Amino acid sequence: MSSPSEPVTVSFAASAPGRVNLIGEHTDYNDGFVLPMAIERHVTIRVRPRGDRLAVLRTQRDRRPVTIDLTATIHPVGRSWSNYVRGVIEGYRRIGFAIPGFDAEISATLPAGAGLSSSAAIEVAMATVVETLCGRSLPRAEKALLCQQAEHEYAGVPCGIMDQFAVCFGQAGHALCLDCRSREIEPVPIDDTVRVLVIDSGVKHSLADGEYAKRRRECAEAARLLGVSSLRDVTPADLSRAVPALPATELARARHVVGEIARVPAFVRALSAADWNAIGALMGESHRSLSTDYAVSCAELDLLVELSGRIPGIIGCRMTGGGFGGCAVALVEAGRAEETGRAEETGRALHDAYRAASGIDAAWFLTAAASGPTVVVE
Ligand code: GLA
């Protein structure tokens, strides 16, 4: 089932995927390019319509229900996980969706706090629930922006548009080259001789702790000093000429952003040409730049990337998402059809090398690019 055209009054399950970003990190809020893909890990909300106007939500972990009155303005509550859901429901209420009551049970195959956009997945899954119950859908870009707004207002995270767009527009077998200024999306096929490996450093990240917002402010200040509305308008040549005008921190942040924006179209070209050497080099440059100039990596992510360079079958590896912990993403050789198991061996080898060096038993999985939200009537 895709866009609902009339209210659904039976039980159903809405799922939304997480995402990994292949390249283009911390560029979305600088109007730049990003190249994320939706993954085969989801947040699922099972829904049973009720006869009243209450939403009663349960998660697998916390059985105590959260009850929301759908007839009155909904406010955020402390630092509760339910704020993502509250913000999305309130977003639809504000634009005139009369949401009928429902019971919901939320479960996930997507780890939370690992930099795989579990927050965008829960937001988009709830948006899909609301649209299904009401029998009305927003255009996908508006749905993504409503979810981003919920995250800003109800979770206090001033995120860019990448995560919600990647989750809403996910396309099987494709990464999405998103121009965060025009919001145009170009799906880029991922060759089936490679697989995507996601490995969790085991360091929990939190974007709400202020560092993310600080990077945004530093970028805005760099743009102001350079006389442009965003760093998208700065070329590497402009930046070298402007070195004396910028304080060291703003210069380093701008160097990352300007270089990273240029790496995205280069990566897309390399992917289309199956130029794996170029892809490996671009991922390595991206990680180094995030670690040194942007200062959003950590010792464990740096270690994972360093170890990946010694493991045969790994094409390239870098941290993915906001950083300060969370996951690394690697492109790995899948080999020919008769070599099934080769990518698994590569993943296992990275896991083992990381455990030997750090003592951390990291969770990891292989994934292909997946499609966006789905609804299944039960
Ligand atoms: C988080 C944010 C995104 C983006 C990335 C960094 O995932 O939610 O908007 O800024 O960090 O690329």
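**Entry 1: nonpolar cores**

I began with the largest nonpolar core, which has 79 residues. I am working from a predicted model. The residues with the most contacts inside this core are Leu22, Leu35, Ile89, Ile99, Phe102, Met126 and Phe267. I then looked up which element gives the most to the core, and found helix H2, residues 118–134, with eleven residues.

I picked Leu35 for a closer look. Leaving aside residues up to four places away in sequence, Leu35 touches Asn21, Leu22, Ile23, Ala175, Leu176, Cys177, Val188, Val264, Phe267 and Val268. Two of the names on that list, Leu22 and Phe267, I had already noted among the residues with the most contacts inside the core.

I also noted another core, lying apart from the largest one. This other core has 39 residues, including Ala223, Leu301, Leu304 and Tyr354.

**Entry 2: the four-stranded sheet**

Next I traced an open sheet of four strands. I read the order as E10-E11-E9-E12, with antiparallel pairing. Which strands stand at the edges? They are E10 (314–319) and E12 (364–367). Each has a single partner strand, so one side of each is left without a neighbour in the sheet. From one strand to the next, the twist averages 20°.

I checked how E9 and E12 are joined. Strand E9 covers residues 194–200, and four bridges join it to E12 in an antiparallel run. Leu197 stands opposite Leu366 in E12.

I then looked for what packs on the sheet. Helix H8, residues 276–292, does so, and it touches E9, E10 and E11 (327–333). The direction of H8 makes about 20° with that of E10.

**Entry 3: salt bridges**

I turned to charged pairs. The structure holds 24 salt bridges. I followed three of them.

The first I took was Arg318 with Glu25, where the closest N and O atoms are 2.7 Å apart. Arg318 sits in strand E10, and Glu25 in the loop between strand E1 (12–21) and strand E2 (33–34). The two are 293 residues apart, so I logged this as a link between distant parts of the chain. Are these partners buried or exposed? Arg318 has 0% relative accessibility and counts as buried. Glu25, at 1%, counts as buried too.

I went on to Glu378 with Arg46, whose closest N and O atoms are 3.0 Å apart. Glu378 lies in the segment after strand E13 (374–377) and Arg46 in strand E3 (residues 36–49), so this pair ties together parts that are 332 residues apart in sequence. I checked accessibility here as well. Glu378 counts as exposed at 51% relative accessibility. Arg46 counts as partly exposed at 39%.

My third pair was Asp179 with Arg232, with the closest N and O atoms 2.9 Å apart. Asp179 is in strand E7 (residues 174–179). Arg232 is in the loop between helix H5 (211–226) and helix H6 (236–241). The pair links distant parts of the chain, 53 residues apart. Asp179 is buried, with a relative accessible area of 14%, while Arg232 counts as partly exposed at 21% relative accessibility. The cut-off for buried is under 20%, so Arg232 falls outside it.

Last, I asked which residues are joined into one network by salt bridges that share partners. I found Glu25, Glu260, Arg263, Glu285 and Arg318.

Definitions and conventions:
Residues numbered from 1 in each chain as written. Predicted model: local features only at pLDDT ≥ 70, side-chain atom pairs only at ≥ 80, totals over all residues. Heavy atoms only, no water. Pairing = 2+ DSSP bridges. Axes fitted to C-alpha atoms, helices over the stretch in contact; angles between N-to-C directions. Contact = heavy atoms within 4.5 Å. Salt bridge = Lys/Arg side-chain N within 4 Å of Asp/Glu carboxyl O. Buried < 20%, exposed > 50% of the residue type's maximum accessible area, 1.4 Å probe, protein only. Core = buried A, V, L, I, M, F, W, Y, C linked by side-chain atoms within 4.5 Å.
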